[in-house]
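Visitor: I am new to this one. Please show it to me, and then let us talk about its surface.

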Amino acid sequence: KTETRLLIGSDSEVKFDKDGMSDTESKVDSGGPEVPVAPDDTPVVLNKALSGLSSRWKNWWVRGILTLAMISFFFIIIYLGPMVLMMIVLGVQIKCFQEIITIGYSVYHSYHLPWFRTLSWYFLLCVNYFFYGETVTDYFFTLVQREEPLRILSKYHRFISFALYLTGFCMFVLSLVKKHYRLQFYMFGWTHVTLLIVVTQSHLIIHNLFEGMIWFIVPISCVICNDIMAYMFGFFFGRTPLIKLSPKKTWEGFIGGLFSTIVFGILLSYVMASYRYFVCPVEFNNDSNSFQVDCEPSDLFQLQDYTLPSVLESLTGWTTVRLYPFQIHSIALSSFASIVGPFGGFFASGFKRAFKIKDFANTIPGHGGIMDRFDCQYLMATFVNVYIASFIRGPNPTKVIQQLLALRADQQLLIFNSLKNHLTEKGLLPVLEEVNA
């Protein structure tokens, strides 16, 4: 019986029986049009230098060299500061959105239906306007209140955002074509799910960044470390398949990546926690009219002594260790990056198998598209944001004061009198007056 195959690019092929798919499953999944993907654009210099190697080792070297290049670029943008990082996140978001929408468009375009690509990019603009407007108002309130146009946009931000979205919604309804309603609603859902996955998660990454660059760099670095170490352990020691969606993933790589990432997270956190540049939130300075990263580090980034459990004490001979509290939190971050984070990659693998493609695009030789590199990062961003809100962030007096200053004078006076009466009843006001005196 002839084996069912799908050619991808020029050098590789996917055999569905090796991926755990039966003939019946292959027939069911082959209902839609196949999405063509261009061959991997490996640089000519690398092709010549690695021409004598087998395809397995050639791929290993290509991935390794490009990984080092991407890590170097990552260091450069960290040096350039948080605003550049925010712009890079926005650029990555747009590229990931384009890669996913292009796959949908390849299916949709065969029916010659109008406006899908235009509406998709319009909805991206609307959602970004909403999220970035909320972020600017939340984190840079004093800047917004100082400029009259920004103040007006901030005051009516949600109404403007809704009006923009409603315009796109009406345009979609007007674009409906008889006999193709189901497909058009399918693509409408495709766009909105893509927005949910890509735009919402990138927005959370920026929120994490504003809490302090360490909350951005450590989680992303843990995912990168786990990806590299799992690949290395799997490449050299992998024998036991992990999941059918990704036949090349092995238990050896999974476990090796887990322990390596935890150690890496602890060490990286120790180095970064000693620098204010990494631990301080991003704030706008009214006096210098610029964004600054400077503060008195919180207790989270102050060295403390911890007593070791008896088991570790007997093994190491140490009774106490001196750590930053953030290093304890880094264990939770690196564990999530190693245990749950890969499921973002498995999800992406299932998506690609559904459309019979090897990669989302061919942007990075040996790696695929940008989305292929960030499939786990988006899941990690959500976890970090939830983790900060649940275990780290407390009430922020600065934001409360900013909101009070935006009120009318009579409202501010009412709150002042209410607070004064409350402090007097608690017996705190006389104490405060004595301290001030």
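Visitor: How much area does the chain expose, in Å²?
Guide: This is a predicted model, where local features need pLDDT of at least 70, side-chain atom pairs count only at pLDDT 80 or more, and totals for chains, interfaces and linings use all residues. Residues are numbered from 1 along each chain as its sequence is written, and side-chain values use heavy atoms, leaving out hydrogens and water. Accessible area comes from the Shrake-Rupley method with a 1.4 Å probe; for residues, only the protein chains shown count as cover. Carbon and sulfur atoms supply 66% of the exposed area, and the total is about 25,100 Å².

Visitor: What share of the 437 residues is buried?
Guide: Buried means under 20% relative accessible area, exposed over 50%, and partly exposed in between (1.4 Å probe, protein chains only). Of the 437 residues in the chain, the buried share is 40%.

Visitor: Is W61 buried or exposed, or in between?
Guide: W61 sits in helix α3; helices are DSSP runs of H or I, at least four residues, numbered from the N terminus. Its relative accessible area is 40%, so W61 is partly exposed.

Visitor: Over residues 184-206, what percentage of the chain is helix?
Guide: UniProt, in an unreviewed entry, lists 184-206 among its "transmembrane region" spans. Such annotations may be inferred rather than shown by experiment. The end C-alpha atoms of 184-206 are 32 Å apart, strand is 0%, and helix is 100%.

Conventions. Helices (H or I, at least four residues) and strands (E, at least two) are DSSP runs, numbered from the N terminus.
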